[in-house]
Amino acid sequence: MSRQISSLLAIAAVCVTLTPAPALAQAPKKAPVDCEQVKCIALTFDDGPGKYAGILLDTLKKHNAKATFFLEGQYAKSRPTYVKRMVAEGHELGNHSYTHPDFRKLEPWEIRAEIKKTQDAVKKAAGVEPKLLRPPYGMDDLQVSDIAAEFDMPIILWTGGSEDWKSKNVEAIKKKTLEVAKQDGIILMHDWVKQTVEAMPSIIKTLQGKGYHLVTVSDIVKRQNLKPGDVFPLPEGWEN
Ligand SMILES: [Zn+2]
């Protein structure tokens, strides 16, 4: 083979190698984060999609962070675009009832209706159904656990709260969140609190600076092998 032909072939090979690059650049596929190997934390946002969900999604995207949104069905219905975007951008969705009632004060059929209506609203908005349940105000009896099992969902509570709804102060939210942050932690926040969304760039940068990977709840609980109706983390004093 002449030198000329072989260098032409070399150029051709380079071209072939380069061809798929634009497609890859469009949809980067990264290996999933393995929380057994790296330090993980899951930020969770309840009661939304809230008014500020769009800004929050921009921030998460910018910092390559994933989150979990426990949605209220009524807002999934009124703000479907955000729900669609959450799914498209790799976040996880959970069910947080339709109208945020205290499940402890409801009849079982009312709880079922709240959960089902939310599943339907999310499916209509984004084509997928949540696979996690978080009852409003947490839980203190097992009635909800039986109903969650009927819907094939584990119940996800939290390991620490940002208390954002209480302080509504950027500095206080940041301080509290970093205080309760820990490896494999599940942190409770709200995307309807404006100051939470404002604090988020700084919170994410600080957590990532400490070596955390911001992942979804499912990434964190993978090792738990949760079954439908299981509660995680278990409230203090509970044994399964
Ligand atoms: Zn809530």
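These are my notebook entries on a predicted model of one chain.

**Ground rules.** I count residues from 1 along each chain as its sequence is written. Since this is a predicted model, local features need pLDDT of at least 70 and side-chain atom pairs count only at pLDDT 80 or more, while totals for chains, interfaces and linings use all residues.

**Overview.** I looked up the secondary structure and found eleven helices and eight strands. Helices here are DSSP runs of H or I with at least four residues, strands are runs of E with at least two, and both are numbered from the N terminus. Next I checked burial: 38% of the 240 residues are buried. Buried means that 20 or more other C-beta atoms lie within 10 Å of the residue's own; 12 or fewer makes it exposed, in between is partly exposed, and the C-beta atoms are placed from the backbone. Then contacts, meaning C-beta atoms, placed from the backbone, within 7 Å. Of the contacts with a separation of 6 or more, 76% are between residues 24 or more positions apart.

**Backbone oddities.** I kept one rule of thumb in mind: most residues other than glycine have a negative phi, and most peptide bonds are trans. Which residues does a cis peptide bond join? I found one between Gly 48 and Pro 49, with omega about 0°. Pro 49 sits in the loop between β1 (40-48) and α3 (53-62). Another cis bond joins Phe 232 and Pro 233, with omega about -10°, and Pro 233 is in the segment after β8 (231-232).

I also looked for positive phi. Ser 97 has phi near 80° and lies in the loop between β3 (92-95) and α6 (108-126). Is Ser 97 buried or exposed? Ser 97 counts as buried because it has 26 C-beta neighbours inside 10 Å. Tyr 137 has phi near 65°, in the loop between α6 and α7 (143-150). With 13 other C-beta atoms within 10 Å, Tyr 137 is partly exposed.

**Strands β2 and β3.** I saw that β2 (residues 68-71) runs parallel to β3, with four bridges joining them; strands pair if DSSP finds at least two bridges between them. Leu 71 is opposite Asn 95 of β3. Along β3, Glu 92 and Gly 94 point one way and Leu 93 and Asn 95 the other, yet all are buried.

**Helix α6.** I checked its length. The expected span is 1.5 Å times one less than the number of residues, so the 19 residues of α6 should span 27 Å, and the end C-alpha atoms are indeed 27 Å apart. Its buried residues include Ile 111, Ile 115, Val 122 and Ala 126. Down the axis, the buried residues fall within an arc of 165° (taken from the directions from the helix axis to the C-beta atoms), so they line one face of α6. Among the elements covering them are β2, β3 and α7. Right after α6 comes Gly 127, with a positive phi near 80°.

**Helices α3 and α10.** How do α3 and α10 lie relative to each other? Their axes come within 9 Å and cross at roughly 10°. I took axes as lines fitted to C-alpha atoms over the stretch in contact, with angles from 0 to 180 degrees between N-to-C directions. Angles under 35 degrees count as roughly parallel, over 145 as roughly antiparallel, 65 to 115 as roughly perpendicular and the rest as oblique, so α3 and α10 are roughly parallel. Where they touch, Ile 55, Leu 56 and Thr 59 of α3 meet Val 197, Met 200, Pro 201 and Ile 204 of α10.

Definitions and conventions:
Two residues are in contact if their C-beta atoms, placed from the backbone, lie within 7 Å.
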